[in-house]
Structure formats: structure tokens, C-alpha cells
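Grab a pencil and work through these short exercises. Each task comes with a solution, so try it yourself before reading on.

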Amino acid sequence: MANKDRQKRSARKARAAERKELEEKRAASQVDAPKKAAPAQAAGSSKKAAPKKKHFARIRGWFADVKAEMHRVTWPSKSELKNYTVAVIVMLVVFGVAVWLVDTGVVAALVGYSGLRG
């Protein structure tokens, strides 16, 4: 029980540290935000244009993250892919036969119990 309490405490400490770091980043970005916003307002840009740019930047960032993640994926070789495909097909056949047997057994039991054919 003591080990479990220790793990909970360390998890709480880790979450508290993450929150503190996040708050520090937010505070730093809020300090920098007025400096960045001042030239944009001086140029005469409207407030509606800023959120769209931010929105598209988020979308662009998401696609960049997806691309980076796809480069980290370990793709199977051609022979591995063939083996996996064969394994999936074999499992489909095995489970198909199992379902067919169970279905046939249930139907036979119902016909035997009720005496109806149909």
C-alpha cells in the first residue's frame, strides 16, 4: 500500500511540475504578445485577420507534425507484409468456420427443441 501511495505522490508532483512549466510558458508568451501585437496594429490590420492566420498556422503545424510522425513509423518490409496478410486471412477463415459451427449448432438445438423446420 505504501508503494501505491508513493506512486500517487510522484505522479501528483510530476503533474504539478508540468502545470508550472506550462504556466511559465504562458506567462512568457503573454509578455512577448504585446510586443508582437503592437507592429501589427500599427500597420492597420483588422482584428478578424489575426485569428484566421493563427487558425491556418495551427492547421499547417498539425500537418507538419503528422508528416514528422509518419517519418518515425517503422514500416514493414514486403515479406513481413505478406506474412501479416496471410495471417489475417487465415484468422478470418478460422473465426468464420467457428461462427458457422456455433450458428449451425444453435439452429439444430432450436429445431430439436421446437420441432419446427423452416
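**Exercise 1.** In which helix is the place of Glu21? Then decide how open this residue is to its surroundings, and find the patch that includes Glu21.

*Solution.* Keep in mind that you're looking at a predicted model.
- Step 1: Glu21 sits in helix H1.
- Step 2: The relative accessibility of Glu21 is 47%. Exposed would take over 50% and buried under 20%, so Glu21 counts as partly exposed.
- Step 3: Glu21 joins Glu18, Glu23 and Glu24 in a negative surface patch.

**Exercise 2.** Work out how the protein chain is built from helices and strands, and in what pattern.

*Solution.*
- Step 1: Count the elements: you get three helices and zero strands.
- Step 2: Follow the sequence along, and the pattern reads α-α-α.
- Step 3: Now try burial: of the 118 residues in the protein chain, 0% are buried.
- Step 4: For the surface, the accessible area of the protein chain is about 11,300 Å², and carbon and sulfur atoms hold 64% of that.

**Exercise 3.** Check the span of helix H3 against the expected value.

*Solution.*
- Step 1: H3 covers residues 78-114, which makes 37 residues.
- Step 2: At 1.5 Å a residue, you'd expect 54 Å.
- Step 3: From first C-alpha to last, H3 reaches 54 Å, close to that expectation.
- Step 4: Look just past the end of H3, and you'll meet Gly115 with a positive phi of about 75°.

**Exercise 4.** Find the partner of Glu69 in a salt bridge, and say how the two are placed in their helix.

*Solution.*
- Step 1: Start with the principle: side chains of opposite charge can pair when their charged atoms come close.
- Step 2: Glu69 pairs with Arg72, and their closest N and O atoms are 2.8 Å apart. The salt-bridge count for this model comes to one.
- Step 3: Both residues belong to helix H2, and because they are three residues apart there, about one helical turn separates them.
- Step 4: Compare with the cut-offs: Glu69, at 42% relative accessibility, is partly exposed, while Arg72, at 60%, is exposed.

**Exercise 5.** Pick out the positive patch that includes Lys4 and the nonpolar patch that includes Ile59.

*Solution.*
- Step 1: Lys4 lies in helix H1, residues 2-42. Its positive surface patch also takes in Arg6, Lys8, Arg9, Arg12, Lys13, Arg15 and Arg19.
- Step 2: Ile59 belongs to helix H2, residues 49-72. With a relative accessible area of 34%, Ile59 is partly exposed.
- Step 3: The nonpolar patch brings Ile59 together with Phe56, Trp62, Phe63, Val66, Met70, Val73 and Trp75, and together they have about 810 Å² of accessible area.

Conventions: Residues are numbered from 1 along each chain as its sequence is written. This is a predicted model: local features need pLDDT of at least 70, side-chain atom pairs count only at pLDDT 80 or more; totals for chains, interfaces and linings use all residues. Side-chain values use heavy atoms; hydrogens and water are left out. Patches are made of residues with over 30% relative accessible area and no salt bridge: like charges are joined within 9 Å, nonpolar side chains (Val, Leu, Ile, Met, Phe, Trp, Tyr) within 5 Å. Accessible areas come from the Shrake-Rupley method with a 1.4 Å probe; for residues, only the protein chains shown count as cover. A salt bridge is a side-chain nitrogen of Lys or Arg within 4 Å of a carboxyl oxygen of Asp or Glu. Lys and Arg count as positive and Asp and Glu as negative; His and the chain ends are not counted. The place of a charge is taken as NZ of Lys, CZ of Arg, CG of Asp or CD of Glu. Helices (H or I, at least four residues) and strands (E, at least two) are DSSP runs, numbered from the N terminus. The expected span of a helix is 1.5 Å times one less than its number of residues. Buried means under 20% relative accessible area, exposed over 50%, partly exposed in between (1.4 Å probe, protein chains only).
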